[in-house]
Amino acid sequence: MKKLSNCLFVFLLVAVLVFAEMAPSAAVTVQAATKTIKVEGKYYQSDARKMKKMVNDFRTGDDAWYYAKNGSDEVVYVEGLGKLKYDYELEKIAMQRAAEIYVSFSHTRPNGKDCFSLFPSGYMGMGENIAMGTSRIMSTNDAFILWQETDEPYSGQGHRRNMLYEGFTCIGIACFEIDGDKYWVQEFGTPKSSTKKTKACNKKKTVKVEVLSD
């Protein structure tokens with residue numbers, strides 16, 4: 001981000017969850033009232049899918065490192081990372097999330113649920129990177145470089161560590177343009193990987209988004 005002009009409008013957020021065995025809760029959950037709105041924008045899924053190679057080249061190249069957690073300039077190299085498979089189920093989730101972060105740029109969905117509530121069963125580890133910025137500076141390469149966070153300290157390299165996490169086996173990516181901005185999403189998972197390829201969506205679509213009524 002330091003290489004971009006100060007006038008550019010860019011946001012980034014990262015989330016990661018690796019499941020551990022948890023005891024059931026006795027608390028009663030009250031379902032909040034929601035309503036459905038429609039969001040119209042254009043998907044650029046052919047561009048989004050090109051990022052898989054960028055991520056895999058990153059994971060298997062000499063730049064697979066991040067700064068140590070102690071806040072120093074010590075570098076931690078990540079070796080032996082496998083290439084991520086493209087998961088078309090995760091792509092569908094990423095496409096939905098790309099429309100949702102237009103409504104609320106957060107890992108909490110507009111309906112109040114966390115971002116991983118979209119994941120079906122079969123994923124033991126999950127991660128999400130999101131970014132938004134003006135269309136003129138948020139190409140596939142721009143978004144990838146932002147998520148690399150090469151010049152950031154450990155505390156600012158959460159997106160980088162998601163892309164370099166050895167536990168993830170698959171990825172799905174989406175790009176959604178609306179009102180002159182592009183919304184990018186990477187969804188990571190392990191171990192499930194859907195290999196049934198779908199046609200890339202490169203057109204305008206109206207997406208239903210569930211939001212809290214209040």
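Biologist: Is β7 mostly buried or exposed, and why call it that?
Modeller: Buried. Eight of the nine residues of β7 are buried, so the strand is largely enclosed by the rest of the structure. Keep in mind that this is a predicted model.

Biologist: Which strands does β7 pair with?
Modeller: Strand β2, residues 34–43, pairs with β7 in the antiparallel sense over two bridges. Strand β5, residues 85–86, is joined to β7 by two bridges, and those strands run parallel. β8 also pairs with β7, in the antiparallel sense, over nine bridges.

Biologist: Give me some residue pairs to click on. What is the bridge partner of Lys 42?
Modeller: Glu 177, in β7. For Tyr 86, go to Ile 171, again in β7. On the β8 side, Ile 173 has Gln 186 as its bridge partner.

Biologist: What about the hairpin of β7 and β8? How many residues sit between the strands?
Modeller: Two. Asp 179 takes a positive phi there, near 55°.

Biologist: Switching to the core. Which residues touch the most other members of the largest nonpolar core?
Modeller: Met 51, Val 55, Met 138, Met 163, Ile 171, Ile 173 and Trp 184. That core has 26 residues.

Biologist: Which elements give two or more residues to this core?
Modeller: Two helices and two strands: α1 (45–60), α3 (140–148), β7 (170–178) and β8 (181–191). In general, nonpolar side chains in soluble globular proteins tend to be buried together.

Biologist: Back to Met 163. What is it in contact with, beyond its neighbours within four places in sequence?
Modeller: Val 55, Phe 58 and Arg 59 are on the list, and so is Asn 129. Phe 144, Trp 147 and Gln 148 are in contact with Met 163 too. Gln 186 and Phe 188 complete the set.

Biologist: And which residues does the second core include?
Modeller: Among them are Ala 98, Ile 178, Val 207 and Val 209. This second core is separate and has 18 residues.

Biologist: Zoom out for me. How many helices and strands are in the chain?
Modeller: Four helices and nine strands. From the N terminus on, they run β-β-α-β-β-β-α-β-α-α-β-β-β.

Biologist: What share of the chain is buried?
Modeller: Buried residues make up 44% of the 214 residues.

Biologist: Among contacts between residues at least 6 apart in sequence, how many join residues at least 24 apart?
Modeller: 77% of them.

Biologist: Last one. What does the accessible surface come to?
Modeller: About 11500 Å² for the chain. Carbon and sulfur atoms account for 51% of that surface.

Terms used: Residues are numbered from 1 along each chain as its sequence is written. This is a predicted model: local features need pLDDT of at least 70, side-chain atom pairs count only at pLDDT 80 or more; totals for chains, interfaces and linings use all residues. Side-chain values use heavy atoms; hydrogens and water are left out. A nonpolar core is a set of buried Ala, Val, Leu, Ile, Met, Phe, Trp, Tyr and Cys residues joined through side-chain atoms within 4.5 Å. Buried means under 20% relative accessible area, exposed over 50%, partly exposed in between (1.4 Å probe, protein chains only). Contact means heavy atoms within 4.5 Å. Two strands pair if DSSP finds at least two bridges between them. Accessible areas come from the Shrake-Rupley method with a 1.4 Å probe; for residues, only the protein chains shown count as cover.
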